[in-house]
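Thank you for making time for this at the group meeting. Please have a look at the sequence and the structure first, and then I will walk you through them.

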Amino acid sequence: RRIPDTRERTNLRSQTMSGILRAAAPLARRLNAVPKGPIAQQTRGMASDPNAPPKVAYPWLDPTNPQNWKEEHLVFTILGGWGVVIMGAKSAFS
């Protein structure tokens, strides 16, 4: 039995790889295909109400009107208030 030289081994390897790629081509075409039917309309499930009044970017721009604050500003304010109450009680009773 004869040992194939380097050119023959490379050619054999490239034929094997090309065969694999040729076999996988129809699958790749199917995966990348654009759907032919109607496409579902995109919904904005996490977006805010379009008819709601605009929110301020920073609470200090409208500090007397918390209705115009974003929800995360309210959360930070409430958590900060609880921190003040807890730390005040801790220092008062220790």
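I will go from the overall picture to the second helix, then to a loop residue, and finally to a pair of aromatic rings.

Let me say at the outset that what you see is a predicted model, so that every value I quote is computed from it. The protein has two helices and zero strands, and of its 94 residues 6% count as buried. Its accessible surface comes to about 9200 Å², and 63% of that area belongs to carbon and sulfur atoms.

Turning to helix α2, which covers residues 71–92, we can ask what span its 22 residues should have at 1.5 Å a residue. The expected figure is 32 Å, and the end C-alpha atoms of α2 are 31 Å apart, which agrees. This helix is hardly covered, since the count of buried residues among its 22 residues is one. I86 is placed in helix α2, and with a relative accessible area of 51% it is exposed, because the cut-off for that class is over 50%. I86 also takes part in a nonpolar surface patch of about 630 Å², which it makes together with L74, I78, W82, V85 and M87.

Now to the loop between α1, residues 6–31, and α2, where N68 has its place. Is N68 buried or exposed? Its relative accessibility is 19%, and because buried means under 20%, N68 counts as buried. If we leave aside its neighbours within four places in sequence, N68 is in contact with P54, K55, V56 and D62.

Lastly, the aromatic rings, where the count comes to one pair. The ring centres of Y58 and W60 are 5.0 Å apart and their planes stand at 15°, so this pair is stacked, the limit for stacking being under 30 degrees. As for their exposure, Y58 is partly exposed, with a relative accessible area of 43%, whereas W60 is exposed, at 64%.

Conventions
Residues numbered from 1 in each chain as written. Predicted model: local features only at pLDDT ≥ 70, side-chain atom pairs only at ≥ 80, totals over all residues. Heavy atoms only, no water. Phe/Tyr/Trp six-rings, centres within 6.5 Å; stacked < 30°, edge-to-face > 60°. Buried < 20%, exposed > 50% of the residue type's maximum accessible area, 1.4 Å probe, protein only. Helix = DSSP H or I, 4+ residues; strand = E, 2+ residues; numbered from the N terminus. Areas by Shrake-Rupley, 256 points an atom, 1.4 Å probe, with all protein chains shown as cover. Expected span 1.5 Å × (residues − 1). Contact = heavy atoms within 4.5 Å. Patch = residues over 30% accessible without salt bridge, like charges linked within 9 Å, V, L, I, M, F, W, Y side chains within 5 Å. Salt bridge = Lys/Arg side-chain N within 4 Å of Asp/Glu carboxyl O.
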